[in-house]
Amino acid sequence: MSRLNKSFSLTMLVVLTALVNTGCKKTWEDVPLEQFTEEYVWDVNDSLGTKARGFLADMYRNLPGGYNRVSTDLLDAASDDAISSATGNTMIQKIATSSFTSLTNPEDIWDNAYNTIRKATVFLNNFDKVPLNTLLADGRPAKPAWRGEARFLRAFAYFELLKRYGGVPIMGDWVRQVNDDVSVARSSFEATVSYIVSECNMAADSLYIDPIEDSKLGYVTKGAAMALKARTLLYAASPLFNGGNIEAGNTLTGYTDYNAERWKLAADAARELIDYGRFALEDQFKNIFIIPNSREVIFSKVQGPNQDLEKNNGPVGYAAAVSVGRTSPTQELVDAFPMSNGLPINDPASGYDAAFPYANRDPRLTFTIFYNGSQWMNRPVQTFEGGLDKPNTNVQQTRSGYYMRKFMGNFENENNLANTSHNFAFFRYGEVLLNYAEALNEYTGPVQEVYDALAAIRRRAGLNPYTLAAGLTKEQMRAIIRNERRVELAFEEHRFFDIRRWKIAEQVMNTPLHGMRIDVSSAGTKTYQRIQIQHPQFKAPAMYLYPIRYDEVAKNPNMQQNPGW
């Protein structure tokens, strides 16, 4: 038999799983994945589906890692929200300065995505052989739900490709054989969007209803399929693809026209998930990310409790934490957080005082960023020059005067770190509300439902008042929605793609980024000075989409490269 390919190249998409004899071993963990025979995995006597479940679980392990996944940096360190604290030409620096090529893209997920697509298709094509007879918690048969999981994971992989590359080859349910033509052309952007949406629709009703009630945390649920559909349609309706195609007439890189109805489709899909009623905003913003059963999290990558996030990104001056402060948030992100009264800091009525820049700010600032004076591990953070957390020695330290706080445990008044849940949320309800507000505003203008969605986010944030002024124009509301996305979803891998789909990256990523230098006099007086910390570069239009990897284009005469590459 053939051998299960561990790595994947689209031009080598061939048979399912080569397989060697596995003897008498019958435990999934005992045998490496590549050593399973088809008869072993799709066991016609396995009424519990044990081996098939293991095959499906392997696809979950292939999901994007989240957090410090790009050579130990956050993807957001290649946006205007942060930079890497590491010096030199790091992998994330290459993205931030447009200094990578089709040979050297450090965030290329092509292989990983098509590996998942291949495995999901293999599962869907063979799972009917398994006589699974177990039931879900609500009494429905489990077999359709397992198929729905595989279908969703395949659709999610296609979406991860879509937002980076545009239209990509859609393999459907055909697993190519050795003698098949593997010179597959890219499908259009429109066809790729339609495929993802149709797969989500097909999967939704068969999936688990509720991740908490069904004890299926980290599993794909109906809500996840609905959320993926809504996000896909939001991206498809956005300026980069809907009227702002980087190459007019190129069906691979977007639609060839503008159609406002695409915004309505996105709004309707988000509204459907809101009305589904299974998810809600957490009362406390920071709890979303550290409690394992948050009602706000729709789908996440579940990880065992650990201290990795704190040690990778926390302030560097705590001997008990041994943190390396890898992420330096920018002053631009800090400035995006309004005052606690909801007004932006540049509004004369906001009460902002440059001599006390962190006083009376949106509570989300404290939960998102360590600034000078933030409480952590029984002392205030010191990011003034020469402070414990900015010693200006040879240790890696903040380059902006800030550290990332978001996602970390409640160690403000603890002497030591402890293992904490750090599940990475791919979809959460707060984003769904913002998706709805954005799509509806673009379609109808700032109607009451737009105000209501934003009010829910701002009320949970702790703003007082949390309501917005009446009579806003579509353009004014658009600016507010975009800023709310920035502060609410910071470091969750949205900003990097938002500035692209809004087609504003060529402005914001060709502008110097800043930090805050704080000097303390002998009398204890603090002075604050904005300093430039990085000058990113964004080469338009090429950088709006990633290049198809060089070897894929070189091997496949039907593989068309993206513009500018």
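This section describes the overall form, the nonpolar core, selected helices, salt bridges and two individual residues of a predicted protein model.

The predicted model contains 17 helices and 10 strands. Its radius of gyration is 24 Å, close to the 24 Å given by the globule rule for 565 residues, so the protein is as compact as a globular protein of that length. Taken along the principal axes, the box filled by the C-alpha atoms is roughly 80 × 55 × 50 Å. Of the 565 residues, 60% count as buried. The surface exposed by the protein amounts to about 21400 Å², and carbon and sulfur atoms supply 50% of this area. Among contacts with a sequence separation of 6 or more, 70% are made by residues 24 or more positions apart.

In soluble globular proteins, nonpolar side chains tend to be buried together. In the present model, the largest nonpolar core comprises 159 residues, and the members that touch the most others are F123, F152, L161 and F299. Helix α5, which spans residues 142-165, contributes the largest share of this core, with 14 residues. The surroundings of L161 illustrate how one core residue is placed. When neighbours within four places in sequence are left aside, L161 is in contact with I109, W110, A113, Y114, I117, G166 and V168.

Two further helices were examined in terms of length and burial. Helix α4 (residues 110-126) consists of 17 residues and reaches 24 Å from its first C-alpha to its last, close to the expected 24 Å at 1.5 Å a residue. Of these 17 residues, 14 are buried, so α4 is largely enclosed by the rest of the structure. Helix α14 (residues 474-488) has 15 residues, and its end-to-end C-alpha distance of 21 Å is close to the 21 Å expected at 1.5 Å a residue. In α14, the buried residues are M477, I481, R482, E484, R485, R486, V487 and E488.

Salt bridges within the model number 49. One of them joins the side chains of D58 and R61, with an N to O distance of 3.2 Å. These two residues lie 3 residues apart in helix α2 (residues 50-61) and are therefore separated by about one helical turn. The partners differ in exposure: D58 is buried, with a relative accessible area of 13%, whereas R61 is exposed, with a relative accessible area of 52%.

A salt bridge that spans a long stretch of sequence is formed by R517 and E385, whose closest N and O atoms are 3.6 Å apart. R517 belongs to strand β9 (residues 513-520), while E385 lies in the loop between β6 (379-380) and β7 (403-404), so the pair ties together parts that are 132 residues apart in sequence. R517 counts as partly exposed, at 31% relative accessibility.

A third salt bridge links the side chains of R549 and D551, at 2.6 Å from N to O. R549 counts as buried at 17% relative accessibility, and D551 is partly exposed at 25%. Elsewhere, salt bridges that share partners connect E296, D362, R364, K406, R428, R458, R460, E484, E488 and E492 into one network. Two members of this network, E484 and E488, are also among the buried residues of α14.

Two residues outside the helices and strands were considered individually. N562 is located in the segment after α17 (550-555). Its relative accessibility is 3%, and because buried means under 20% relative accessible area, N562 counts as buried. Apart from residues up to four places away in sequence, N562 touches Y165, R186, T253, L545, Y546 and I548.

R399 is found in the loop between β6 and β7, the loop that also holds E385. With a relative accessible area of 27%, R399 is partly exposed. Leaving aside neighbours within four places in sequence, R399 is in contact with I83, S84, S85, A86, S328, I533 and Q534. A320 lies 79 residues from R399 in sequence, and the C-alpha atoms of the two residues are 22 Å apart in space.

Key: Residues numbered from 1 in each chain as written. Heavy atoms only, no water. Helix = DSSP H or I, 4+ residues; strand = E, 2+ residues; numbered from the N terminus. Expected span 1.5 Å × (residues − 1). Buried < 20%, exposed > 50% of the residue type's maximum accessible area, 1.4 Å probe, protein only. Core = buried A, V, L, I, M, F, W, Y, C linked by side-chain atoms within 4.5 Å. Contact = heavy atoms within 4.5 Å. Salt bridge = Lys/Arg side-chain N within 4 Å of Asp/Glu carboxyl O. Rg over C-alpha atoms; globule rule 2.2 N^0.38 Å. Areas by Shrake-Rupley, 256 points an atom, 1.4 Å probe, with all protein chains shown as cover.
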